[in-house]
Amino acid sequence: MEKKNRGRKRRFIPDECNHIYQRTTGGKILFYDREDFLICYMIISVTARKHSIRMLELCMMVDHIHMLIEAESRERMADFIRDYSSVFIHEYNTSIGRHGQMFHKSYGNAPKKGDKKMRSTIVYIGNNPVEKRLSERAEGYRWNFLRYFVDRNPFSQKVPVKSYSRALSGFIRLVDRAAESGLYLNYNMLRRIFSSLQGNEVELMTDHIIMAYFPFDENGILGFYDDWKQMVDAMHSTSGSEYDLDEKVYPGSDQIYRNMIKFVRRELAVSPVRAVTVLPVERKLEIARLLMLHTGASKYEVAKFLHLNHVDDPDMG
């Protein structure tokens, strides 16, 4: 894809949607903690509004991102991707003392013209977590946001607002003010919020942040189906297809990365988990051996997880 686009303009069709595919350098894992997903999501939402991007769909996987968007021009599309990427990686790096890029410098895009191609792409993006075995059904994965189209609290237990703690009520007001002002919350603020909440309050706050920054054109995506149920039923019955992008596909299930995240968080007490990526190489190799022993991860999977450059390092076992 990158070679084809070199020296010429990207494909772009005015008034049509584009499937955007953005991967990390070397397939490194990007999203470890809840905060990583939320920070990226908020920045995407704020930046989409800034550049008048019509957002139909978004799916954040552990090492790549899919979007279905409509932009006013090729330049607006490029500016949107550049701006949200640079802001997010700056926040990400600053939070752990990291340096360097995380996203591959060139992103993939494929214009989608016609209802048939649009429906196939919608299904394909929504089913990414099913294909990588992170969820049995597309709508069961929080970070493709499908259930938020029909439910404001799909992953938290609903309780009366009058039952909210003072801390939760105060943070909800803070989130609402930030979202209305076109501002995102940074890592320090999210850490402060979540460290002050417990149990279901954490899930309530997560759902609230997602709805406060909700960037999607619901009528736009549901317009290709009779209703939301027909859309997710289509995802249940087929995986969709994508022939227009040179998508880098890594084999296997992404559930192994969730297992490694849990191990690092619980057994090694590393918090935030993304901090493992900036540890000294000697410590990374120690952790690599533990991860392979206790989670069954391969050298390749551990190298992606720890951002090790030498996948076949003999010291890894």
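This briefing walks through the core, the salt bridges and the two largest pockets of the structure above. Please keep in mind that the model is predicted. Its largest nonpolar core holds 108 residues, its salt bridges number 18, and its largest pocket has a volume of about 460 Å³. Helix α2, covering residues 34-50, is a good place to start, and its name comes up under each topic below.

**The nonpolar core**

- As background, nonpolar side chains tend to be buried together in soluble globular proteins.
- Within the 108 residues of the largest nonpolar core, the members that touch the most others are Met-67, Phe-88 and Phe-305.
- Helix α2 supplies the largest share of this core, namely 10 residues.
- Met-67 is worth a visit in the viewer: setting aside neighbours within four places in sequence, its contacts include Ile-20, Ile-44, Met-55, Leu-58, Phe-80, Ile-81, Tyr-84 and Ile-125.
- Asn-18, His-19 and Glu-57 are also among the contacts of Met-67.

**Salt bridges**

- Side chains of opposite charge can pair when their charged atoms come close.
- One of the 18 salt bridges joins Arg-34 and Glu-203, whose closest N and O atoms lie 2.9 Å apart.
- That pair links distant parts of the chain, with Arg-34 in helix α2 and Glu-203 in helix α8 (residues 200-212), 169 residues apart.
- Arg-34 has a relative accessibility of 25% and so counts as partly exposed.
- Glu-203, with a relative accessible area of 21%, is partly exposed.
- Another salt bridge brings together the side chains of Arg-274 and Asp-36, at 3.1 Å from N to O.
- Arg-274 sits in the loop between α11 (255-266) and α12 (281-295) while Asp-36 belongs to helix α2, so this pair ties together parts that are 238 residues apart in sequence.
- Both Arg-274 and Asp-36 are buried.
- Arg-274 and Asp-36 also belong to a network of salt bridges that takes in Asp-33 and Arg-265.
- A third example is Glu-286 with Arg-283, where the closest N and O atoms are 3.0 Å apart.
- Glu-286 and Arg-283 are 3 residues apart in helix α12, which means that about one helical turn separates them.
- Glu-286 is partly exposed at 38% relative accessible area, and Arg-283 is partly exposed at 31% relative accessibility.

**The largest pocket**

- Rolling a probe the size of a water molecule over the atoms shows where empty space is left.
- The largest pocket, about 460 Å³ in volume, is lined by 18 residues.
- Tyr-32, Arg-34, Phe-37, Trp-143 and Arg-258 are the lining residues that lie nearest the centre of this pocket.
- Helices α2 and α11 each give at least two residues to the lining, and α11 gives the most, with 5 residues.
- By class, the lining of the largest pocket has 10 nonpolar, 1 polar and 7 charged residues.

**The second largest pocket**

- The second largest pocket holds about 340 Å³ of space.
- Arg-34 lines this pocket, and so do Asp-33, Arg-265 and Arg-274.
- Among the other lining residues are Glu-35, Tyr-187, Arg-191, Phe-194, Ser-195, Val-202, Ser-271 and Pro-272.
- Two or more lining residues come from each of α2 and α7 (187-195), and α7 gives the most, with 4 residues.
- The lining of the second largest pocket divides into 4 nonpolar, 2 polar and 6 charged residues.

Key
Residues are numbered from 1 along each chain as its sequence is written. This is a predicted model: local features need pLDDT of at least 70, side-chain atom pairs count only at pLDDT 80 or more; totals for chains, interfaces and linings use all residues. Side-chain values use heavy atoms; hydrogens and water are left out. A nonpolar core is a set of buried Ala, Val, Leu, Ile, Met, Phe, Trp, Tyr and Cys residues joined through side-chain atoms within 4.5 Å. Buried means under 20% relative accessible area, exposed over 50%, partly exposed in between (1.4 Å probe, protein chains only). Contact means heavy atoms within 4.5 Å. A salt bridge is a side-chain nitrogen of Lys or Arg within 4 Å of a carboxyl oxygen of Asp or Glu. On a 1 Å grid over the protein atoms alone, a cavity is a set of points where a 1.4 Å probe fits but cannot get out, and a pocket is an open set with protein on both sides within 12 Å along at least five of seven lines; lining residues have an atom within 4 Å of a point. Grid points are joined across faces, edges and corners, and a volume is the space filled by probe spheres set on the points. Ala, Val, Leu, Ile, Met, Phe, Trp, Tyr, Cys and Pro count as nonpolar, Asp, Glu, Lys and Arg as charged, and the others, Gly among them, as polar.
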